[in-house]
Amino acid sequence: MTQDTSARGLRLGDVAPDFAAETTQGDISFHEWKAGSWAILFSHPEDFTPVCTTELGAVAKLSAEWAKRGVKPIGLSCNTLESHGRWIDDINETQGSDVKFPIIADFDRKVASKYGMLDYQDPTNMDRSGLPLTVRSVFIIDPNHKIRLIITYPASTGRNFDEVLRVIDSLQLTDKHSVTTPVNWQPKDDVIIPPSINDEAAQKRFPGFRTVKPYLRYTADPSINA
């Protein structure tokens, strides 16, 4: 059954809206393009903006990290393919990067509208014709097309893609091993056994786990010896 998210906006657990789009890597159908993979979809107010220039360079430099995790990055801004092409040249020149992931040319705002990315609050975040530009959003989407994370950043603050990687690591670990990750968790740190697993079951699955409180039990990262 198709979900109607138009009235309330997208939430975690919703199916990410499918769409057809022109990108710098050719025309795509989003669900078909990412089939079987994780994806990060991240929007930019406009081409040739300084903060986003640094961000796209950083995403390109992390290409080996995305590939290691089975993640496909895809960017979006409300500009044309021709503008994107010139901007990519600038990004590669100034950031020492090689942008190969696709950037959506969402000139008509169709994709941005589906994902609730348009900025209707900031009167300065508009193009020359007065149309709203996108806010700087990040969506993490899993292989089943479910939205697993949504973050929207202020225009003044560059995104932290190390944190995006950390969240993906956590999601992939917790999906596979039925654990949760504590504050500031990093791969190979201890993880938390959720309260839904009783002590008897926990001892079988996570022998030698450590109990701090009945609701707070730690165990070693189960992926280390997997």
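## Strand β3, covered on both sides

Let's start with β3, where both faces are covered. On one side sit Trp38, Ile40, Phe42 and His44, on the other Ala39, Leu41 and Ser43, and every one of them is buried. Since seven of the seven residues in this strand (residues 38–44) are buried, β3 is largely enclosed by the rest of the structure. Keep in mind that you're looking at a predicted model.

What does β3 pair with? One partner is strand β4 (residues 71–77), which pairs with β3 in the parallel sense over seven bridges. If you want a spot to look at, find Leu41, which stands opposite Ile74 in β4. Another partner is strand β6 (residues 136–141): it runs antiparallel to β3, and four bridges join the two. Here Ile40 is a handy marker, with Ile140 as its bridge partner in β6.

## The protein as a whole

Now zoom out. The protein has seven helices and ten strands. It is made up of 226 residues, and 48% of them count as buried. About 11,900 Å² of the protein is exposed, with carbon and sulfur atoms supplying 51% of that area.

How do contacts reach along the chain? Take the ones between residues at least 6 apart in sequence: 63% of these join residues at least 24 apart.

## Helix α2 and the loop before it

Move along the chain from β3 and you come to the loop between β3 and α2, which is where Glu46 lies. Is Glu46 buried or partly exposed? With 23% relative accessibility, Glu46 counts as partly exposed, because the cut-off for buried is under 20%.

Then comes helix α2 itself, covering residues 50–61. You can check its length with a quick sum: at 1.5 Å a residue, its twelve residues should span 16 Å, and the end C-alpha atoms are 17 Å apart, which agrees. Several α2 residues are tucked away too: Cys52, Thr53, Glu55, Leu56, Gly57, Val59 and Ala60 are buried.

## His84 and the company it keeps

His84 belongs to helix α4 (residues 81–95). Its relative accessibility is 0%, so His84 counts as buried.

Which residues does His84 touch? Setting aside neighbours within four places in sequence, His84 is in contact with Thr24, Asp47, Ser77, Asn79, Ile103, Ile104 and Ala105. Glu46 is worth finding from here as well: Glu46 and His84 are 38 residues apart along the chain, while their C-alpha atoms are separated by 9.5 Å.

## Asp14, before the first strand

Head back towards the start of the chain, to the segment before β1 (20–23), and you'll find Asp14. This residue has a relative accessible area of 4%, so Asp14 is buried. What does the side chain of Asp14 have beside it? A polar atom of that side chain lies 2.8 Å from the backbone nitrogen of Arg11.

## Salt bridges

How many salt bridges are there? The count comes to 13. One of them links the side chains of Glu65 and Lys68, at 3.4 Å from N to O. Both residues are in helix α3 (residues 63–68), and being three residues apart there, they are separated by about one helical turn. That spacing fits a general pattern: an α-helix has 3.6 residues a turn, so residues three or four places apart point the same way. The two partners differ in cover, as Glu65 is partly exposed with a relative accessible area of 25%, whereas Lys68 counts as exposed at 61%.

Other salt bridges include the one between Lys100 and Asp98, whose closest N and O atoms are 3.4 Å apart. Lys100 is exposed at 58% relative accessibility, while Asp98 is partly exposed at 45%. Asp108 and Lys110 form another, with closest N and O atoms 3.9 Å apart. In that pair, Asp108 is partly exposed with a relative accessible area of 49%, and Lys110 is exposed with 58%. Salt bridges can also share partners, and in this way Glu65, Lys68, Arg69 and Asp169 are joined into one network.

Terms used
Residues numbered from 1 in each chain as written. Predicted model: local features only at pLDDT ≥ 70, side-chain atom pairs only at ≥ 80, totals over all residues. Heavy atoms only, no water. Salt bridge = Lys/Arg side-chain N within 4 Å of Asp/Glu carboxyl O. Buried < 20%, exposed > 50% of the residue type's maximum accessible area, 1.4 Å probe, protein only. Contact = heavy atoms within 4.5 Å. Expected span 1.5 Å × (residues − 1). Pairing = 2+ DSSP bridges. Polar contact = N/O pair within 3.5 Å; in protein donor to acceptor, adjacent residues only side chain to side chain. Areas by Shrake-Rupley, 256 points an atom, 1.4 Å probe, with all protein chains shown as cover.
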